[in-house]
Amino acid sequence: MTQTTVTPTTTTTTTTTAPSGLRSLYLIRVAFSLIWVALVLTTSASLVSRDRPTVIAAVLLISYPLWDVIATLLERRMAATGSTNRVSTINVALGLATTTGMIIAVFSTIGTALLVFGIWALLSGAIQLVVAIRRRRTVGAQWPMVISGGQSVLAGATVAATSASATSGLSTVAGYSAFGAFWFLVSVIALSVRGRRDAAAHSRLA
C-alpha cells in the first residue's frame, strides 16, 4: 500500500507493507489450520481424554503451538512496534512454553494434552485481543481479530475445564482451529477492503 504525506513544500511517497504482508501471512495461517483440522479429523478424531495419543496425534498437538510461535515472529516483523512488539514477545514465550508442555503431555493422555491446549488458547486469545486493539489505529480492520481473540479465550476456558471429561477429544480442538481459520480469512477480506479504501483516498490527494 502506498501512503502519501503532503507538506507545505513537498510531497513524499512512502510504502507501507504491513497490511499486504499481514494478508499473506493470514492466508498461510488459514491454509495451515485447515490442513491441521483435516489431519486431526482423519487420523485422531476418535481419541478421547483417557486415551494415550498416537504418534500422529502427538506430532499434530506439538506442531500447533510451535507453528503459532513461527507465525507470531513473522507477524511481528511485518506490523508490530513498541509495546505491541513486547506483547508479541510474551506470546512467543507462551507458545514455546506450551510446546514444551505439550511434548510432556503427549506422553500422558489426551486429557492432559487438552488441558495444556486449553490454557494456551485462553492466554493466547487474551494476548491476541490486546494486539488487535492496539493495532487498530496503525493497521486498521482489526475487528475480526478482536472477535477471534475473545472466542479463543472462551473456547480455551471450556477446553481446559472439560479436559478430563470422558467425552472430550481431539475433535474439540479441531473445531477451535477451524473457527480460527475462519476469522483469519475474514481478516484478510477486511484488510483488503481497507487497503482499497486507503489507496483510493491517497490517489485523490495525489
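Here is a short chat about helix α5 and the largest cavity in this predicted model.

Student: What should I know about the model before we start?
Tutor: It's predicted, so local features need pLDDT of at least 70, side-chain atom pairs count only at pLDDT 80 or more, and totals for chains, interfaces and linings use all residues. Residues are numbered from 1 along each chain as its sequence is written, and side-chain values use heavy atoms, with hydrogens and water left out.

Student: Why is α5 called a helix?
Tutor: A helix is a DSSP run of H or I with at least four residues, numbered from the N terminus, and α5 (residues 143–161) has 19.

Student: How do you know that its span is close to the expected one?
Tutor: The expected span is 1.5 Å times one less than the number of residues. For α5 that gives 27 Å, and its first and last C-alpha are 27 Å apart.

Student: What makes a residue of α5 buried or exposed?
Tutor: Buried is under 20% relative accessible area and exposed is over 50%, with partly exposed in between (1.4 Å probe, protein chains only). The buried ones include Pro144, Met145, Gly156 and Val159.

Student: Why are the buried residues said to be on the same side of α5?
Tutor: Because they cover an arc of only 130 degrees around the axis, taken from the directions from the axis to the C-beta atoms. On the other side, Leu154 and Ala161 are exposed.

Student: What makes the lining of the largest cavity polar, nonpolar or charged?
Tutor: Asp, Glu, Lys and Arg count as charged; Ala, Val, Leu, Ile, Met, Phe, Trp, Tyr, Cys and Pro as nonpolar; the others, Gly among them, as polar. The lining has 11 nonpolar, 12 polar and 5 charged residues. A cavity here is a set of points on a 1 Å grid over the protein atoms alone where a 1.4 Å probe fits but cannot get out, and lining residues have an atom within 4 Å of a point.

Key
Helix = DSSP H or I, 4+ residues; strand = E, 2+ residues; numbered from the N terminus.
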